[in-house]
Amino acid sequence: MSQQVQGVIAPGKNQPVRVETIVVPDPGPGEAVVRIQACGVCHTDLHYKQGGINDDFPFLLGHEASGIVESVGEGVTDVTPGDFVILNWRAVCGSCRSCLRGRPQYCFNTHNAKQKMTLLDGTELSPALGIGAFAEKTLVAAGQCTKVDPSVSPAVAGLLGCGVMAGIGAAINTGNVGRGDSVAVIGCGGVGDAAIVGAKLAGAARIVAVDIDDRKLATAKAMGATHTVNSRTQDAVETIRELTGGNGADVVIEAVGRPETYKQAFYARDLAGTVVLVGVPTPEMTLELPLLDVFGRGGALKSSWYGDCLPSRDFPMLIDLHQQGRIDLGAFVTETIALDEVEKAFERMHEGDVLRSVVEF
């Protein structure tokens, strides 16, 4: 048996997305079908559309989602029909070398559903990040479902599935921001602002937000930045140093994913400080740094994969903090839209006033 639902596909590189009928099979062993309630429009979906991830078109887009488990396959015990879940793209295997060393947040063998969703003519779809949630229902590995408090807004919950978790995790998990630390965040979109929230949550004393758009900087200030720098008119590295006693920040989080902003992050950190790359580069980008500078500045250069999160640990914790009023995840939801407005949401990403457009079903 299978179901037919409506979903948004990217048919080819840089082609407009369109709504199509999607065939969703019943869940097999270890799989689950989830009725999607909300899904954020993330820059990673745009990367898929532009061919910046791979060329395995057509893609079923959407991955930053929450919903209700509708049915589960054989052997699934962690979730049951009716559970409210956030979808994640780190279904931990439990048996790879990283999991066995007690580091499941770096699982090297994360898995997706084995069956494929298709178009009506049988064309197999590639679900974005193994999820494909711009659809009324989607098929995922059961391990991609993380149960959370069902009283939270689906639009808010879904954002933890990617961008907000990536940013908060870049600060608290990868960057290990501590009480009294100075932090600089380069790039104040949804992920960068989430990193600001994470740094504030961790007790950072000074949080410097850097962007080229004053509207984004105003939002960053509202999210918890103590200082802002427009790098179109100011030297970002020198200004960050001035704001940190001439030394540079303890932790610099690069949330853009470009060589030029990474270099800013590298030189804006204090000696023995940490650079965290959470912005996603494209395949053709390269980075050149003097090796003596890499050695001489010490510290750590880290990449943050999904905010180095463990969904089963971090999603419920952050939902609880939101429910207690200690962080405001709702501030990331700029607008709610319909399924057929995803293409317009991609266009709005470049306007500077949108953190997240969220498709509600």
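## Exercises on a predicted model

Leu129 sits in the loop between β8 (126–127) and β9 (137–141). The structure is a predicted model, and the exercises below start from that loop residue.

**Exercise 1.** State what is notable about the backbone at Leu129, then locate a residue with a positive phi in the loop between β16 and α10.

*Solution.* Step 1: phi of Leu129 is near 50°, a positive value in a residue other than glycine. Step 2: the loop between β16 and α10 holds Asp308. Step 3: phi of Asp308 is near 45°, again positive in a residue other than glycine. Step 4: Asp308 has a relative accessible area of 4% and is buried.

**Exercise 2.** Find the residues joined by a cis peptide bond and place the proline.

*Solution.* Step 1: the bond joins Phe57 and Pro58, with omega at about -5°. Step 2: Pro58 belongs to the loop between α1 (43–50) and β4 (59–60).

**Exercise 3.** Decide whether the chain agrees with a compact globule in its radius of gyration, and describe its overall make-up.

*Solution.* Step 1: for 361 residues, a compact globule would have a radius of gyration near 21 Å; the chain has 20 Å, which agrees. Step 2: along the principal axes, the C-alpha atoms fill a box of roughly 65 × 40 × 40 Å. Step 3: the chain has 11 helices and 18 strands, and 55% of its residues count as buried. Step 4: of the contacts between residues at least 6 apart in sequence, 69% join residues at least 24 apart.

**Exercise 4.** Work out how the buried residues of helix α7 (residues 236–243) are arranged and what they pack against.

*Solution.* Step 1: list the buried residues, which are Ala236, Val237, Thr239, Ile240 and Leu243. Step 2: viewed down the axis of α7, these fall within an arc of 165°, so they line one face of the helix. Step 3: recall that an α-helix has 3.6 residues a turn, so residues three or four places apart point the same way. Step 4: the partners of the buried residues of α7 are β11 (182–186), β12 (206–211), β13 (227–230), β14 (249–254) and α8 (259–268). Step 5: inspect the ends. At the start of α7, a side-chain oxygen of Asp235 comes to within 3.0 Å of the backbone nitrogen of Val237; just after the helix, Gly245 has a positive phi of about 70°.

**Exercise 5.** Determine whether helix α4 (residues 163–174) is enclosed or open, and by what it is covered.

*Solution.* Step 1: 10 of its 12 residues are buried, so α4 is largely enclosed by the rest of the structure. Step 2: the cover over its buried residues includes β5 (64–72), α5 (190–202), β15 (269–277) and α10 (311–323). Step 3: just after α4, Asn176 takes a positive phi of about 50°.

**Exercise 6.** Identify the residues that touch the most other members of the largest nonpolar core.

*Solution.* Step 1: the core has 51 residues, and Ile196 and Ile253 have the most contacts with other members. Step 2: α5 gives the largest share of this core, 7 residues. Step 3: a second, separate core of 33 residues includes Val41, Val69, Cys145 and Val359.

**Exercise 7.** Classify Glu335 as buried or exposed and find its polar partner.

*Solution.* Step 1: Glu335 is in strand β17 (residues 335–337). Step 2: the cut-off for buried is under 20% relative accessible area; at 19% relative accessibility, Glu335 counts as buried. Step 3: the side chains of Glu335 and Arg348 share a polar contact of 2.6 Å.

Terms used
Residues numbered from 1 in each chain as written. Predicted model: local features only at pLDDT ≥ 70, side-chain atom pairs only at ≥ 80, totals over all residues. Heavy atoms only, no water. Buried < 20%, exposed > 50% of the residue type's maximum accessible area, 1.4 Å probe, protein only. Helix = DSSP H or I, 4+ residues; strand = E, 2+ residues; numbered from the N terminus. Arc of directions from axis to C-beta. Contact = heavy atoms within 4.5 Å. Polar contact = N/O pair within 3.5 Å; in protein donor to acceptor, adjacent residues only side chain to side chain. Rg over C-alpha atoms; globule rule 2.2 N^0.38 Å. Core = buried A, V, L, I, M, F, W, Y, C linked by side-chain atoms within 4.5 Å.
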